[in-house]
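Biologist: I'm new to this one and would like a close look at a single part. Could you take me through the largest cavity, and then anything else you can say about how the helices pack?

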Amino acid sequence: MKVIKEGKDIRVKGVECLDLDLTLDCGQAFRWEKQEDGSYSGVAGGCFLNIKKDGGDLIFRDTNEEAFYSFWVNYFDLEKDYRAICETLKEDELLSSTIDSYYGIRILNQESWEALCSFVISQQNNIKRIKLIIGRLCKAYGEDLGNGRYTFPSAERLSKLEVSDFEAVGAGYRAKYLERLSKDVASGKIDLEKIKSLSLDEARKALLDIYGVGIKVANCALLFGFQFYSAFPVDVWMKRVMEYYPDGLPECFNGIEGIAQQYLFHWARNNL
């Protein structure tokens with residue numbers, strides 16, 4: 001990874017396997033918006049960022065070197081060799097052509113709290129509506145970064161709310177789940193950092209013990225917010241995909257099942 005400072009921008013040279021459309025607008029994160037110039041703007045980790053692809057380079061705007069190295073490098077997983085991962089996954093016949101067609105899907109390392117809340121909100125919902133609900137929640141209770149940008153509110157902040165407050169931002173029946181979750185995380189009853197230190201099976205069980213969290217939400221949160229790359233969320237589309245694997249997932253998926261899942265999910269949405 002070669003990093004060059006260009007005025008107020010930061011250019012990262014030769015980033016392989018990172019397509020912004022496939023990564024930021026695929027349903028794993030909900031606070032990124034595509035701009036007219038093809039770049040994306042969003043807030044994560046309490047910071048605003050505008051990011052654009054320029055050939056094989058990434059240009060980070062509206063940030064600084066401290067935030068870049070302390071947060072964004074890990075968030076975009078820039079130090080992981082995704083090219084090697086994709087070559088391994090291409091040992092599978094279905095993924096061999098799929099990866100070439102949709103090359104550049106990457107798992108974001110999101111904060112556990114935001115990811116868990118977001119996927120609780122995602123239940124029986126579409127991406128547009130999920131974004132609207134989260135946007136209202138952030139505007140109402142997040143920290144104001146200026147220019148209409150807000151951080152994702154902390155558990156401590158949301159723990160002061162009642163069910164009706166979550167209903168007011170459009171959470172619907174999920175409001176009672178968010179209210180309990182916020183209070184339990186803020187009080188320490190639910191320890192998200194401890195969950196990250198568990199094995200996959202133990203972490204999944206811990207999440208399934210949370211009020212309002214089912215198996216799909218748990219696996220999505222584990223993959224996108226707790227860095228369990230072997231988590232494998234299954235929805236209607238993935239159930240159809242699994243018909244292509246009657247004997248179970250191939251060996252080349254071991255340890256990176258979640259990355260394989262993203263490619264398979266995108267293939268299914270476009271081909272089944």
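Modeller: The largest cavity holds about 60 Å³ of space. Keep in mind that this is a predicted model. A search of the whole structure turns up one cavity of 30 Å³ or more. So what lines the largest cavity? Going along the chain, you meet A29, F30, R31 and W32, then V43, A44 and G45, then F71 and Y75, and finally Q110, E111 and E114. Strand β4 (40-44) and helix α2 (65-75) each give at least two residues to that lining. By class, the lining of the largest cavity splits into seven nonpolar, two polar and three charged residues.

Now for the helices. Two packed helices are described by the angle between their axes and the distance between the axes. Take helix α5 (residues 112-121) and helix α12 (residues 215-225): they pack at an angle of about 150°, with axes 9 Å apart. Angles over 145 degrees count as roughly antiparallel, so α5 and α12 are roughly antiparallel to each other. The crossing of α5 past α12 is right-handed. Which residues make the contact? On the α5 side they are S112, A115, L116, F119 and V120, and α12 answers with V217, C220, A221, F224 and G225. Sorted by class, the contact of α5 with α12 comes out as eight nonpolar and two polar residues, with no charged ones. The lining of the largest cavity, by comparison, includes three charged residues.

Definitions and conventions: Residues are numbered from 1 along each chain as its sequence is written. This is a predicted model: local features need pLDDT of at least 70, side-chain atom pairs count only at pLDDT 80 or more; totals for chains, interfaces and linings use all residues. Side-chain values use heavy atoms; hydrogens and water are left out. Axes are lines fitted to C-alpha atoms, for helices over the stretch in contact, and angles run from 0 to 180 degrees between N-to-C directions. Helices (H or I, at least four residues) and strands (E, at least two) are DSSP runs, numbered from the N terminus. Angles under 35 degrees count as roughly parallel, over 145 as roughly antiparallel, 65 to 115 as roughly perpendicular and the rest as oblique. A crossing is left-handed if the near helix is turned anticlockwise from the far one by less than a right angle, and right-handed if clockwise. Contact means heavy atoms within 4.5 Å. Ala, Val, Leu, Ile, Met, Phe, Trp, Tyr, Cys and Pro count as nonpolar, Asp, Glu, Lys and Arg as charged, and the others, Gly among them, as polar. On a 1 Å grid over the protein atoms alone, a cavity is a set of points where a 1.4 Å probe fits but cannot get out, and a pocket is an open set with protein on both sides within 12 Å along at least five of seven lines; lining residues have an atom within 4 Å of a point. Grid points are joined across faces, edges and corners, and a volume is the space filled by probe spheres set on the points.
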